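Reader: I'm new to this one, so please go slowly. Show me the picture, and then I'll ask how you know what you say.

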Amino acid sequence: MAFLCVDIGGTNTLIGVGNGDFEIVKEVKSQEFLEDMGACLEKTLSNGKINDIDRVAVAAAGPLDRDRGVFYPPNIDLEEVQIKRPLEAFGDVRIVNDCTAAVLGEYYYGDHSVDNLLYVTISSGIGAGLIVDGNLVEGWNGNFGEVGHMQVGEDSRDCGCGGEDHWEAYCSGNSLPRTAEKTTGEDFRDARQVFEKAGNGDKAAEKTLERMNEINAKAFANLVNLYNPEKIVLGGAVALNHPEEVIEPILPGIKEQIANEAPEVEKCTLEEEAVLHGLRAACNGKPDSGCGCC
Ligand SMILES: [Zn+2]
């Protein structure tokens, strides 16, 4: 029997199908996908190659209500989307937090060989997924990993959640221009421009990245002290597009602030496909059991 995996990202949605092999069959804008999920999936699967789907796993970049099967898209002009019901037409549906799916993907299909693995995404927001002693940590209602709302700053900076001085209010892609403004008084269009200008030796941009790295080191040190990971892997556009600026510079700062042994820190192996491969793992019964064939 085959299975269907759907990763609803902030911008794009990836759809994968497994039936012995695993294949990514479609990438579509998330707005378009969420406006009519059923039609999009029917069209994607209409070539008839896969017609025996009985399991579905779905992840979404944003708050989920697993009991109601509802997703609240943070960056898309839709208030509340029922994601479970349209997918039930294809089989039993499992809804997974996106960072939880990503750590599962990295654990089973990435290149790591550790049983204590922490995945952190730094993109428009910041979140984490965690494997401890080979066990997936999902939390009470499946929403483990809101580490972006850990308090690490002291500038009285507003966070999108209504809180103050949270990690993602300083270091997410969306927040970096605000960090630049607060640190240097200079205006930057977006995070990409900060990295571009820093690469060209712009002092204000360099100072912004120094501030970002100071906060990142503090936040990662907290996570190391809490969870004792053997390895931390980073995903999300900010980390994936700028690993040299984001990873290397924070290692000494992490070491200085931890009581535990320092873990390895590196870019995630599966990059933008980590979430989808985690859903693939979930459909294969992992981490509890599994056929292991695909
Ligand atoms: Zn917050």
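Reader: Where does Ser113 lie?

Author: Ser113 lies in the loop between α4 and β9 (117-122). Those labels are DSSP runs numbered from the N terminus: helices are H or I runs of at least four residues, strands are E runs of at least two. Residues are numbered from 1 along each chain as its sequence is written. And this is a predicted model: local features need pLDDT of at least 70, side-chain atom pairs count only at pLDDT 80 or more, and totals for chains, interfaces and linings use all residues.

Reader: Why does Ser113 count as exposed?

Author: Just count neighbours. A residue is exposed if 12 or fewer other C-beta atoms lie within 10 Å of its own, buried if there are 20 or more, and partly exposed in between, with C-beta atoms placed from the backbone. Ser113 has 9 C-beta neighbours inside 10 Å, so Ser113 counts as exposed. Its phi is worth a look too: Ser113 has a positive phi of about 60°, although it is not a glycine.

Reader: What makes a positive phi worth pointing out?

Author: Most residues other than glycine have a negative phi. Asp133 is another residue other than glycine with a positive phi, near 50°. Asp133 sits in the loop between β10 (126-132) and β11 (135-137), and with 8 C-beta neighbours inside 10 Å it counts as exposed.

Reader: How do you know that Glu168 is buried?

Author: Glu168 has 26 other C-beta atoms within 10 Å, so it is buried. You'll find Glu168 in helix α5 (residues 168-171). Leaving out residues up to four places away in sequence, Glu168 touches Gly125, Ile126, Gly148, His149, Cys159 and Ser175; contact means that the C-beta atoms, placed from the backbone, lie within 7 Å.

Reader: Why are α4 and α12 called roughly perpendicular?

Author: Helix α4 (residues 98-109) and helix α12 (residues 274-283) pack at about 75°, with their axes 6 Å apart. The axes are lines fitted to C-alpha atoms, for helices over the stretch in contact, and angles run from 0 to 180 degrees between N-to-C directions. Angles of 65 to 115 degrees count as roughly perpendicular, under 35 as roughly parallel, over 145 as roughly antiparallel, and the rest as oblique. So α4 and α12 are roughly perpendicular to each other.

Reader: What residues make the contact of α4 with α12, by class?

Author: They divide into 12 nonpolar, 3 polar and 2 charged. Nonpolar here means Ala, Val, Leu, Ile, Met, Phe, Trp, Tyr, Cys and Pro; charged means Asp, Glu, Lys and Arg; the others, Gly among them, are polar. Among the contact residues are Ala101, Leu104 and Tyr108 of α4, and Val275, Leu276 and Leu279 of α12.

Reader: How many residues of α12 are buried?

Author: 10 of its 10 residues are buried, so by the neighbour count α12 is mostly covered. The helix lies across β1, β2 (12-19), β3, β4 and β8, running at about 145° to β1. β2 is mostly covered as well, with 6 of its 8 residues buried.

Reader: What is the order of the strands in the open sheet?

Author: The 5 strands run β3-β2-β1-β4-β8, and the pairing is mixed. Two strands pair if DSSP finds at least two bridges between them. β1 (residues 2-8) and β4 (residues 53-60) qualify in the parallel sense, over 7 bridges, with Leu4 opposite Val56 in β4. β1 and β2 run antiparallel and are joined by 6 bridges; Val6 has Ile15 as its bridge partner in β2. β2 and β3 are also antiparallel, over 8 bridges. Their hairpin has 1 residue between the strands, and Gly20 in the turn has a positive phi of about 100°.

Reader: Why do β3 and β8 stand at the edges?

Author: β3 (21-29) and β8 (92-97) each have a single partner strand, so one side of each is left without a neighbour in the sheet.

Note on methods. Two residues are in contact if their C-beta atoms, placed from the backbone, lie within 7 Å.
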